[in-house]
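Student: I've just opened this one and could use a guided tour. Can we go through it together?

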Number of protein chains: 4
Amino acid sequence: MKNKARILIDCGDEKGLVYRISKIFFDQGLNIDSNQEFVDKESGKFFMRTVVSGNFDEAALETDILKVIPAQAHLQVIIPKKKKIVLLVTKESHALGDILIRYSAGELDAEIQAVIGNHKTLEKLVSRFDIPFHHVPAEHINREKHEHNMMQIINSYSFDYLVLAKYMRILTPDFVETFSHKIINIHHSFLPAFIGANPYKQAFERGVKIIGATAHYVTSDLDEGPIIAQNIIPVNHRFNWQDMQKAGRDVEKSVLSRALALVLNDRVFIHGNKTIVF
Amino acid sequence: MKNKARILIDCGDEKGLVYRISKIFFDQGLNIDSNQEFVDKESGKFFMRTVVSGNFDEAALETDILKVIPAQAHLQVIIPKKKKIVLLVTKESHALGDILIRYSAGELDAEIQAVIGNHKTLEKLVSRFDIPFHHVPAEHINREKHEHNMMQIINSYSFDYLVLAKYMRILTPDFVETFSHKIINIHHSFLPAFIGANPYKQAFERGVKIIGATAHYVTSDLDEGPIIAQNIIPVNHRFNWQDMQKAGRDVEKSVLSRALALVLNDRVFIHGNKTIVF
Amino acid sequence: MKNKARILIDCGDEKGLVYRISKIFFDQGLNIDSNQEFVDKESGKFFMRTVVSGNFDEAALETDILKVIPAQAHLQVIIPKKKKIVLLVTKESHALGDILIRYSAGELDAEIQAVIGNHKTLEKLVSRFDIPFHHVPAEHINREKHEHNMMQIINSYSFDYLVLAKYMRILTPDFVETFSHKIINIHHSFLPAFIGANPYKQAFERGVKIIGATAHYVTSDLDEGPIIAQNIIPVNHRFNWQDMQKAGRDVEKSVLSRALALVLNDRVFIHGNKTIVF
Amino acid sequence: MKNKARILIDCGDEKGLVYRISKIFFDQGLNIDSNQEFVDKESGKFFMRTVVSGNFDEAALETDILKVIPAQAHLQVIIPKKKKIVLLVTKESHALGDILIRYSAGELDAEIQAVIGNHKTLEKLVSRFDIPFHHVPAEHINREKHEHNMMQIINSYSFDYLVLAKYMRILTPDFVETFSHKIINIHHSFLPAFIGANPYKQAFERGVKIIGATAHYVTSDLDEGPIIAQNIIPVNHRFNWQDMQKAGRDVEKSVLSRALALVLNDRVFIHGNKTIVF
């Protein structure tokens, strides 16, 4: 008997869904702590995230709900607990550091299993927090070999999400598909502006007055995955690209941490190349 | 037979509310176009705004819902249509002007009945839009007499909301109570900072780095009514108070127009001195 | 004898520029009301905008400054006065309306000479403000012919800037070059994201969480001109592209009006495809 | 012979200041890397921050400048180097953590001398970064005694600034005056809203739609010192005060770090209870 669950449902919209689902909750004597719904008119899809509390049997609840939603529906009954994550990094410490500080304060809804870096730069920082760091160098080997080496380490951990906290290498489609919908990245531009390498240099050269950051699920199309969160900061002509890079770090880390909190709290539905965020 | 309704319910929270209400919609064959709920844990109150579509009889729908919600519940079944508003102004044109431009483009969900000014300054602007303007001077008479004179004109119109679009006088508690929950004001600060007269001068003297605006329902406590919307803009040491005032106009007008759109679309519940905005 | 001037200088940077220029102001007994400088390290260019007050002869001041700055320098000695603008529009009223309201309040630092529309939609709104409106239809004729017809009208006015207040047609390179650095446009995205047609639809399809607007000088490269101002607003999955378009109007009009104020106050230097904004 | 200096001057405004000062730079063969000025019209004060580079003798430069500025002028010739700071904390780690991460990445323009906490909560975090932590308990003793104990430790360090990184106790006027203009605090509201204890609870009870944070110099008037930086984030009815507190941490830490960077780079002039920030 559990006392809180997050119910996530997505399915084709039809009349009576809310009624039939809320009837289950009522019949089982559960409280609805919060409830959010959305119908995407274009695709005719229904999304619902409900937090219920009370005495319930997880399997029975799931079975009961499955009876009243369409056969093709996707249902998750999730008992809230800290998820497990593995972090991939390169050299910059701001995004990783923000996560480590939250983690050490008990404010991150995740257990960090390990940090993997293609450079050794962040080893010392990670070790300060008594978290395993693995150096998997990418030099002098091809991408497939490097990912193979990472995979050996990744697979030695059980985890829910891989978080790219300024991991500055492109992943192969094979790697991405292995962890479909499980990889979260922070890109240092307000996508779709400045896809690809050195977006701050691109931003500087274009003379923009705002720069931004985008947290998204990684798909095999570079920088094209479903966006979870974005934010921006103003810049002006006094910023050269290094200044933009420096200023951008603050928005990068806050956007990644916000996106991570949303994902870890099961607030994000992936819908094609978009997200529904409750 | 209507085909769209906004159902607004607020009542004490209890188990099964969503189920019982959504059952009515299902039984009457209605679609739920959108649905938002909120339970205020502190007060134990439940708020729900649902837009339904289909063939229904307004009175029957209301009767049916009343049967399944608590006796003390507050229910509104609203068939969407343009609401009627009367505007009160003084001399500044930006907030009024923003509303007039939206109105003339058909983008305001309201019919403007009239504009009442305690100065003649805005008469010409209002007349450009073929809207009645009434000059009710406040000079050399007391507040009660002035409001009495305004009341004569106000009462000659039927309206849903009085909108204070930079009306720079304080209303008496009597006046406010006459139009309880029907008066919307834009205050030129991010309340509760800088209550009262000349907030920009206060802001300048305090040396703040952000200024703001607050749209709120007017209650008999000056600048203490439920807040509907707020926004801010950055300022710096180069701004004297007149510069702040000038810059602030843009945020004032956008905040008022946003709040007005929310109110006109029945998206705002008043809950004590707070609002629930769906 | 004038009593206030804006001095704008851009030239190659060299030692002693500030000293030599400020010496002229001192020798002529002028006050420096405000002064802003910037050296672009990459190009080695120096930009300076100084507002001076006092008794001076405009021509003599110009002559004296020219003696102390490099031969290739670009100098403007501007006596502040309202500039003249001609507006180009299509059907949407928000950007034009915002300008008209500022204009009617005496808050726009410009005299509006005329509004030219390729549709008649905004004729009535413009006429409410006693400003000439010219309908130059673009249908059934080629782009060159349409621009030729517009040019006839444009050339009947003297003006400093052409302002595209949601003019929804692409101008030919010939037209743009005729008015080089004199055309200001508002683009309905945070450039360089969503160049080209229907950026809101593009934004919706990409699933972004922020949308924006960009005011820029028009050059012959579509949406590639120097950016003057940008701003954004958050959106979410509940916004379809029409909702984004509606919400975006508020940021479009405020960004255009802000950019216009900067340009009209001679605060913007064009530097390649970038701007220096003081 | 040094090669870079920040020249900070504030004095009564008078004609020819820029000319006379820039003449010194020119005569000494120095480059002006950047230069910002401001004249506060109300007080008639002139503020200037210039970064010069070249070969110069610090004392001679100072002497020369002093000759051409008013006798009452305040001049600082600062050779850029990392300043020294001591941090005061209580229990929350986010503001401290943000500073520690920047520090460990070499991105903080300061050497952290020590962290002093009135609780032991943050001892472990601080020790992870090999920085001295001093626990100075405040319980069961009066404020003066507690500050006396802190002072013993503080005075054992040489430092430029005391940084209150969520130090949740009020300092006595005596303490504040001892370190006049040397104490920087982060207050968890957009001052002057919600002065004093538990601003998030106050914000929640007022029903605001934005919350913020303010970094300011500490003076003997509680929360009334000169503001350096402020920022805000939107909230809504779904936030209880603990949610606001949690969300507010992100804006607190970013505002404090931004203010600190400004102060450490000598970009902030104190002017009465305001700041000039270049």
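**Where chains C and A meet**

Tutor: Sure, and keep in mind that this is a predicted model. Between chain C and chain A, 18 residue pairs are in polar contact, with both residues at pLDDT 80 or more.

Student: Which element gives the largest share of the side of chain C that touches chain A?

Tutor: Start with the elements that supply at least two residues each to that side of chain C: β2 (31-40), α7 (199-206), β11 (227-234) and β13 (274-277). The largest share is five residues, and it comes from β11(C).

Student: And by class, how many residues on that side are nonpolar, polar and charged?

Tutor: Chain C puts 31 residues into the contact, and chain A puts in 31 residues too. Sorted by class, the side of chain C that touches chain A has nine charged, six polar and 16 nonpolar residues.

Student: Which three residues supply the most of the area that chain C buries against chain A?

Tutor: The area buried between chain C and chain A is about 2800 Å², and carbon and sulfur atoms give 57% of it. On chain C's part, 26% comes from three residues, more than any other three supply. They are C:Arg206, C:Lys209 and C:His237.

Student: Which side chain meets A:Arg206 in a salt bridge?

Tutor: Two salt bridges are counted between chain C and chain A. In the one with A:Arg206, the N to O distance is 3.4 Å, which fits the 4 Å cut-off for a salt bridge. The partner is C:Glu224.

**Chains D and B**

Student: What about chain D and chain B: how many salt bridges are there between them?

Tutor: Here the contact takes 31 residues from chain D and 31 residues from chain B. One pairing to look at is B:Arg206 with D:Glu224, whose side chains meet in a salt bridge at 3.5 Å, N to O. The count between chain D and chain B is two salt bridges.

Student: How much area is buried between chain D and chain B?

Tutor: Carbon and sulfur atoms give 57% of this buried area. D:Arg206, D:Lys209 and D:His237 supply 27% of what chain D buries against chain B, more than any other three residues. The area buried between the two chains is about 2800 Å².

**Inside chain C**

Student: Which strands stand at the edges of the open sheet of seven strands in chain C?

Tutor: Read along the order, β7-β6-β5-β8-β9-β10-β11, where the pairing is mixed. A strand at the edge has a single partner, so one side of it is left without a neighbour in the sheet. The edge strands are β7 (133-135) and β11.

Student: Which residue is the bridge partner of C:Asn185 in β10(C)?

Tutor: Strands β9 (residues 183-187) and β10 (residues 210-217) of chain C run antiparallel, joined by four bridges. For C:Asn185, the partner in β10(C) is C:His216.

**Backbone oddities**

Student: Where does C:Pro192 lie?

Tutor: This proline is worth a look, since most peptide bonds are trans. C:Leu191 and C:Pro192 are joined by a cis peptide bond, with omega about 10°. C:Pro192 lies in the loop between β9 and α7 of chain C.

Student: Is the phi of B:Asp130 positive or negative?

Tutor: Most residues other than glycine have a negative phi. B:Asp130 sits in the loop between α4 (123-128) and β7 (133-135) of chain B. Although B:Asp130 is not a glycine, its phi is about 60°, so the sign is positive.

Methods. Residues numbered from 1 in each chain as written. Chains lettered and ligands numbered in written order. Predicted model: local features only at pLDDT ≥ 70, side-chain atom pairs only at ≥ 80, totals over all residues. Heavy atoms only, no water. Contact = heavy atoms within 4.5 Å. Buried area = accessible area lost by both parts, 1.4 Å probe. Polar contact = N/O pair within 3.5 Å; in protein donor to acceptor, adjacent residues only side chain to side chain. Nonpolar A, V, L, I, M, F, W, Y, C, P; charged D, E, K, R; others polar. Pairing = 2+ DSSP bridges.
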